[in-house]
Amino acid sequence: EVHLVESGGGLVQAGGSLRLSCAASGFTFDDYAIGWFRQAPGKEREGVSCTSSRDGRIYYADSVKGRFTISSDNAKNTVYLQMNSLKPEDTAVYYCAAGPRWAIATMSSSSGEYFGFWGQGTQVTVSS
């Protein structure tokens, strides 16, 4: 069975940091792009970051570039999102998702439609 499980969300003050984890199982990890998305109330879902490690490609949304870092531990089948200098506007439910490796090219122009496997989400709240 295919499973993606996010963890690491919580409540932090503006300027603080969190590290989100996405643990994958049930599929060949390196055959997929793993993306992070977020959804805030009243806002459309946004692609945040993505890694296609086999292809050596990484994506960051402009809004998080320089603050967030995506990384992979293939031995653990886990992708991380290190979030630093958090802002209240980062508050959202964060999801990880797996899709075909080419889907990394769609991150800036879509909201995850090409990613077929999704985790349950983890809440990130940044207080001002």
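Serine 85 lies in the loop between β8 and β9 of this predicted model. Its phi is positive, at about 50 degrees, although the residue is not a glycine. Most residues other than glycine have a negative phi. With a relative accessibility of 41%, serine 85 counts as partly exposed, because the class of partly exposed residues spans the range between 20% and 50% relative accessible area.

A further positive phi is found in the loop between β7 and β8, where asparagine 77 lies. Phi of asparagine 77 is near 50 degrees, again in a residue other than glycine. This residue belongs to the hairpin of β7 and β8, which has four residues between its strands. Asparagine 77 has a relative accessible area of 22% and is therefore partly exposed.

The strand that follows this hairpin loop, β8, comprises residues 78-83 and is mostly covered, five of its six residues being buried. Strand β7, residues 68-73, is joined to β8 by six bridges, and the two run antiparallel. Within this pairing, serine 71 has tyrosine 80 of β8 as its bridge partner. Strand β8 also pairs with β3, residues 18-25, again in antiparallel fashion and through six bridges. Here alanine 23 stands opposite threonine 78 of β8. In a regular strand, side chains alternate between the two faces of the sheet.

Strand β3 also contains serine 21. Is serine 21 buried or exposed? Its relative accessible area is 15%, so serine 21 is buried. Leaving out residues up to four places away in sequence, serine 21 touches three residues numbered in the range of β8, namely Thr78, Val79 and Tyr80. The other residues that serine 21 touches are Val5, Glu6, Ser7 and Trp36.

Trp36 is also in contact with methionine 107, a residue placed in the loop between β9 (92-100) and β10 (117-118). Although methionine 107 is in a loop, its relative accessibility is 3%, and it therefore counts as buried. Which residues surround methionine 107, apart from its neighbours within four places in sequence? Besides Trp36, the contacts of methionine 107 are Phe37, Gly47, Val48, Ser49, Cys50, Tyr59 and Phe115. One of these, phenylalanine 37, is 70 residues away along the chain, yet its C-alpha atom is separated from that of methionine 107 by 9.3 Å.

Contacts between residues distant in sequence are also prominent in the chain totals: among contacts with a separation of 6 or more, 60% involve residues 24 or more positions apart. The protein has 11 strands and zero helices, and from the N terminus on its elements run β-β-β-β-β-β-β-β-β-β-β.

The overall dimensions can be considered next. The C-alpha trace spans about 40 × 30 × 25 Å along its principal axes. A compact globule of 128 residues would have a radius of gyration near 14 Å, and the 13 Å of the protein agrees with this. Of the 128 residues, 44% count as buried.

As for the surface, the protein exposes about 6,200 Å², of which carbon and sulfur atoms supply 48%. Its charged side chains comprise 11 positive and 12 negative ones, and the centres of these two sets lie 5 Å apart.

Terms used. Residues are numbered from 1 along each chain as its sequence is written. This is a predicted model: local features need pLDDT of at least 70, side-chain atom pairs count only at pLDDT 80 or more; totals for chains, interfaces and linings use all residues. Side-chain values use heavy atoms; hydrogens and water are left out. The radius of gyration is taken over C-alpha atoms; the globule rule is 2.2 Å times the number of residues to the power 0.38. Buried means under 20% relative accessible area, exposed over 50%, partly exposed in between (1.4 Å probe, protein chains only). Contact means heavy atoms within 4.5 Å. Accessible areas come from the Shrake-Rupley method with a 1.4 Å probe; for residues, only the protein chains shown count as cover. Lys and Arg count as positive and Asp and Glu as negative; His and the chain ends are not counted. The place of a charge is taken as NZ of Lys, CZ of Arg, CG of Asp or CD of Glu. Two strands pair if DSSP finds at least two bridges between them.
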